[in-house]
Amino acid sequence: MAIDITCPMCGEEEALTGTRAGDEITVECQSCETTWARPTSPSCTNCAGTDLQTVPLAIVERSRGTQLSVVGIRMVHLCRVCDRDQIDRWQRNRPNPLMPAELPNIGRLHPD
């Protein structure tokens with residue numbers, strides 16, 4: 001669903017920095033010091049398509065007992081072909097953000 005960036009060597013997702021140079025971003029992993037280039041335009045990780053819709057995705061955490069709370073929102077790129085059902089679900093519930101497929105300690109919210 002989201003365009004996630006992870007280090008190809010160690011799998012690190014958080015300790016990454018990037019510098020932009022023209023149409024590419026050079027990413028460096030702070031954990032293993034691997035560097036690689038990625039294009040500035042996002043593309044679908046499934047089909048490599050570039051027809052993407054940017055939608056807000058809720059960040060959900062357990063706040064008390066079994067109560068869940070939206071604690072933030074991050075923007076994600078969804079493919080208009082591969083992620084059509086998620087885009088439709090978000091459009092039906094606008095202006096609310098799209099809920100994540102998995103919630104903390106509950107498991108899958110929406111079937112694939």
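The exercises below work through a predicted model of one protein chain.

Residues are numbered from 1 along each chain as its sequence is written. Because the model is predicted, local features need pLDDT of at least 70 and side-chain atom pairs count only at pLDDT 80 or more, while totals for chains, interfaces and linings use all residues; side-chain values use heavy atoms, without hydrogens and water.

**Exercise 1. Confidence and elements**

State how many helices and strands the chain has, their order, and which element has the lowest mean pLDDT.

Solution.
1. Helices (H or I, at least four residues) and strands (E, at least two) are DSSP runs, numbered from the N terminus. The chain has 1 helix and 7 strands.
2. Read from the N terminus, the order is β-β-β-β-β-α-β-β.
3. pLDDT is the predictor's confidence in each residue, from 0 to 100. The chain averages 85, and 89% of the residues score at least 70.
4. Strand 7 (residues 107–108) has the lowest mean among the elements, 54, and helix 1 (residues 84–92) has the highest, 94.
5. Where pLDDT is low, the predicted coordinates should not be read in detail.

**Exercise 2. The nonpolar cores**

List the residues of the largest nonpolar core and the elements that give two or more residues to this core.

Solution.
1. Buried means under 20% relative accessible area, exposed over 50%, and partly exposed in between (1.4 Å probe, protein chains only). Of the 112 residues in the chain, 26% are buried.
2. A nonpolar core is a set of buried Ala, Val, Leu, Ile, Met, Phe, Trp, Tyr and Cys residues joined through side-chain atoms within 4.5 Å.
3. The largest core has 7 residues: Val55, Leu57, Val76, Leu78, Ile87, Trp90 and Leu98.
4. Strand 4, strand 5 and helix 1 each give two or more residues to this core.
5. Another core, of 5 residues, lies apart from it; Cys7, Ile25, Val27 and Trp36 are among its members.

**Exercise 3. The salt bridges**

Find the 2 salt bridges and say where their residues lie in the chain.

Solution.
1. Side chains of opposite charge can pair when their charged atoms come close. A salt bridge is counted when a side-chain nitrogen of Lys or Arg is within 4 Å of a carboxyl oxygen of Asp or Glu.
2. One pair is Asp51 and Arg80, at 2.9 Å from N to O. This pair links distant parts of the chain, 29 residues apart: Asp51 is in the loop between strand 3 (35–39) and strand 4 (52–64), and Arg80 is in the loop between strand 5 and helix 1.
3. Asp51 is partly exposed at 46% relative accessibility, and Arg80 is partly exposed at 31%.
4. The other pair is Arg84 and Asp88, at 2.8 Å from N to O. These residues are separated by about one helical turn, because they are 4 residues apart in helix 1.
5. Arg84 is partly exposed at 33%, as is Asp88 at 28%.

**Exercise 4. Around Cys10**

Locate Cys10 and name the residues that Cys10 touches.

Solution.
1. Cys10 is in the segment before strand 1 (16–21).
2. With a relative accessibility of 41%, Cys10 is partly exposed.
3. Contact means heavy atoms within 4.5 Å. Leaving out residues up to four places away in sequence, Cys10 touches Cys29, Ser31 and Cys32.
4. Cys10 and Cys32 are 22 residues apart in sequence, with 6.9 Å between their C-alpha atoms.
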